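Me: I would like to go through this chain by question and answer. Please keep the replies short.

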Amino acid sequence: MTPMMAQYREIKNKHGDAILFFRLGDFYEMFFEDAIEASQLLQITLTARSKGPDATPMCGVPYHAADGYIAKLTRLGKKVAICEQLSDPGLPGIVQRDVIRIITPGTTLDDNVLQQKANNYVLAIVPAGLPGATHFDIAFADVTTGEFLETKIENEKMLISEIQRIGPTEVILTPSSFTHPSVELLRRNLPQVFFFPHDISGNDISAETLLTDYLKGTQKNSLEHMGKAEPYDIHEFMALDESTLKNLELLTTLRENGKEGSLLWVLDRTSTSMGGRMLRHFVTHPLLRKKEIELRLDSVGELEKNQQLLGDVREILKSVMDLERLISRISLGRGSARDLVGICQSLLTVPKFQQMLGGCFSHLLKDVRDSIDALPDVTGLIQRAIVEAPPLSITEGGIIADGYNAELDELKKISRDGKGFIRNLQEQEIAATGISNMKVRYNKIFGYYLEVSKSHVSKVPQHYIRKQTVVNAERYITPELKEFEEKVLGAEEKIVALEQKIFQEI
């Protein structure tokens, strides 16, 4: 076994329940059992590393196209561990590699997988006591929005109803509870949900701790945008069991099992994805307390009576992007400059929104008006730092605005004005030396140089350094030209690296 394959085995052994995407140059490679499974699921060619009895099954996908393949695997209920190169492949010795994140059905950030107006929940269940216990501790979270909730459930029937109301994509359990009788009952009632056992030490573990540990382990992140789980009482809302959800067609229709024709489909005229998710929660969690119901009705009634205000509010909300998911992507280190611009553009609507609600009298609308913050320091920073229409990837460069960073501005100027510098330097040296046919030239071997014909060599100043002799000329460099060469040749690379550093700081 080669050192690289030994490295692969070591990393794979730490992530046995995931398909390991092992970065090799421009590809993510899979080996052994992962290669066989992935080639079948992704319909890609299965090859082999070496031949004969020692042949190793192998397949791979280009790293720049990996998102589509990962999305397909997560839709099928698979975990994918992304193993990246952490050291320079050009240095001697084996390249350092490690898993930087694990993508699962409930933790994907891929917009092509996520539903805009529905949460993507991961739910943790911890049965209380020994097998046969009827109490359960549950916690669920959406890493794409930062929502994190936990509650206690009194029996299996209520557990199934609450889980169906939550609609998780993924359920995790401790290995000891994976064989609990209730889990088999859940499997039969929740065929669309993927169950994963999760190793964690301790017997008296809470669902919140189990879920937090699991999410930190997959995201390789502190999850500061989520904080601690917020407790709620299921008795605050009307009980809706499986038959009620289905027969009343609250979320999907009985015949087609699709959203069109359901109550949510009829009601949903929300202008934002955040509003759509909130409305979905309202439909599945009907209020029971009279005061809370009346507060909501008063606000709805005020908007219904003031159609001008309602129309203006709708128009403003059309400019508001999915702030929850934008902020989560940024917090998880997966954000782009476009995400920052989206946050900025959305926040810039806040003062107009507050002004519109200035004359409102209903409690909830006044509360919205008085509690939201336009965050002018945030919008000001983004407007100063980020160009109006940045590229999608932060590795392309061109995301930081002119005037924000002096070092970056200088590099940009060198990159833009390189030809002008060469022309000015050539004119300057001709004037200083009197060598009328001097040329500043460039090749890949020697870089930039001053070329002087043999007939004018006697005029060459002492500070010129001979670089090469050719048939009819001598080639020289100067300290100024060498300094320029170092700057201009590395300018583009330096620009990209510096922009990424500045972006992370922002």
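The questions below cover cysteines, overall form, burial and charge in a predicted model.

Me: How many disulfides does the structure hold?
Reply: A disulfide needs two cysteine sulfur atoms within 2.5 Å. For Cys83, the closest cysteine sulfur is that of Cys59, 15 Å away, so this pair is too far for a bond. The count of disulfides for the structure is 0.

Me: Is Cys83 buried or exposed?
Reply: Buried means under 20% relative accessible area. Cys83 has 0% relative accessibility, so Cys83 is buried.

Me: And Cys360, buried or exposed?
Reply: The cut-off for burial is again under 20%. Cys360 comes to 7% relative accessibility, so the residue counts as buried.

Me: What is the radius of gyration of the chain, which has 18 helices and 16 strands?
Reply: For 506 residues the globule rule gives 23 Å. The chain is well over that, so it is more spread out than a compact globule. Its C-alpha atoms fill a box of roughly 100 × 75 × 40 Å along the principal axes. The radius of gyration is 31 Å.

Me: What share of the residues counts as buried?
Reply: The accessible surface of the chain is about 27,300 Å², with 53% belonging to carbon and sulfur atoms. Of the 506 residues, the buried share is 45%.

Me: How far apart do the centres of the positive and negative side chains lie?
Reply: The chain carries 59 positive and 70 negative side chains. The distance between the centres of these two sets is 5 Å.

Methods
Residues are numbered from 1 along each chain as its sequence is written. This is a predicted model: local features need pLDDT of at least 70, side-chain atom pairs count only at pLDDT 80 or more; totals for chains, interfaces and linings use all residues. Side-chain values use heavy atoms; hydrogens and water are left out. Buried means under 20% relative accessible area, exposed over 50%, partly exposed in between (1.4 Å probe, protein chains only). The radius of gyration is taken over C-alpha atoms; the globule rule is 2.2 Å times the number of residues to the power 0.38. Accessible areas come from the Shrake-Rupley method with a 1.4 Å probe; for residues, only the protein chains shown count as cover. Lys and Arg count as positive and Asp and Glu as negative; His and the chain ends are not counted. The place of a charge is taken as NZ of Lys, CZ of Arg, CG of Asp or CD of Glu.
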